[in-house]
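The following note is addressed to a colleague who is beginning to read protein structures. Please keep the sequence and the model in view while going through the numbered points.

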Amino acid sequence: MPWGQTIPATTAVEPVTTAEAKSSSTINPSGADGEGEDQAGAPADSGQVPLTPKEQVVLDIIRDQPVGRGIIGKKIIKAAKERGQTITSEAVLTRHIIPRLKPYGVVNARGGRGYVIRPT
């Protein structure tokens, strides 16, 4: 379009009310119906975020440790690789994956003991 020409106006779009949006039939690609459990197996109303497969593997590795015993990042990366999930660096683990696991009780145990599930 040449400089200075006006762009024709588009047709107005009718706003959709919240009730109309909820009643419209949409397909959920995850197959979940919004009730019961989400993709990661957390109850839908628990407030926990759904996890990616890589995050779920890391959570499982930490949960597999004996009570009170942590696992360091390097061992988590090695165990994840054995389970088919590649984590490129400890930085990715500590900056991206571990923060998403906090709602599941994962904490960094002080003194170099690694990551543990917070006792309840």
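1. A residue is called buried when its relative accessible area is under 20%, exposed when that value is over 50%, and partly exposed in between. Glu55, at 7% relative accessibility, therefore counts as buried. The model discussed here is a predicted one.

2. The overall layout should be established next. The chain contains four helices and two strands, and from the N terminus on these elements follow the order α-α-α-α-β-β. Of the 120 residues of the chain, 23% are buried. The accessible surface amounts to about 9100 Å², and carbon and sulfur atoms account for 54% of that area. Where contacts join residues at least 6 apart in sequence, 48% of them connect residues at least 24 apart.

3. Which residues touch the most other members of the largest nonpolar core? This core has 19 residues, and the residues in question are Val58, Ile62, Ile76, Leu93, Ile98 and Leu101. Two or more core residues come from each of α2 (53-63), α3 (73-82) and α4 (90-101). Helix α2 contributes the most, with five residues.

4. Ile76 offers a useful view of this core. With neighbours within four places in sequence left aside, Ile76 is in contact with Val58, Ile61, Ile62, Ile71, Leu93 and Tyr115.

5. Helix α2 merits separate attention. Its buried residues are Glu55, Gln56, Val57, Val58, Leu59, Ile61 and Ile62. The cover over the buried residues of α2 includes α3, α4, β1 (106-109) and β2 (114-117).

6. The packing of α2 against α4 may be described as follows. Two packed helices are described by the angle between their axes and the distance between the axes. Here the axes of α2 and α4 come within 10 Å and cross at roughly 75 degrees. Angles of 65 to 115 degrees count as roughly perpendicular, so α2 is roughly perpendicular to α4. On the α2 side, Lys54, Glu55, Val58, Leu59 and Ile62 take part; they meet Leu93, His96, Ile97, Ile98, Arg100 and Leu101 of α4.

7. Glu55 lies in helix α2. When residues up to four places away in sequence are not counted, Glu55 touches Pro50, His96, Ile97, Arg100 and Leu101. How many salt bridges does the structure hold? There are two, and in one of them the side chain of Glu55 meets that of Arg100, at 2.9 Å from N to O. Because Arg100 lies in helix α4 and Glu55 in helix α2, this pair ties together parts that are 45 residues apart in sequence. The partners differ in burial: Glu55 is buried, with a relative accessible area of 7%, whereas Arg100 is partly exposed at 32%.

8. A salt bridge also joins Asp64 and Arg83, whose closest N and O atoms are 2.7 Å apart. This pair links distant parts of the chain, since Asp64 is in the loop between α2 and α3 and Arg83 is in the loop between α3 and α4, 19 residues apart. Arg83 has a relative accessible area of 42% and is thus partly exposed. As a general remark, side chains of opposite charge can pair when their charged atoms come close.

Key. Residues numbered from 1 in each chain as written. Predicted model: local features only at pLDDT ≥ 70, side-chain atom pairs only at ≥ 80, totals over all residues. Heavy atoms only, no water. Buried < 20%, exposed > 50% of the residue type's maximum accessible area, 1.4 Å probe, protein only. Contact = heavy atoms within 4.5 Å. Areas by Shrake-Rupley, 256 points an atom, 1.4 Å probe, with all protein chains shown as cover. Core = buried A, V, L, I, M, F, W, Y, C linked by side-chain atoms within 4.5 Å. Salt bridge = Lys/Arg side-chain N within 4 Å of Asp/Glu carboxyl O. Axes fitted to C-alpha atoms, helices over the stretch in contact; angles between N-to-C directions. Parallel < 35°, antiparallel > 145°, perpendicular 65-115°, else oblique.
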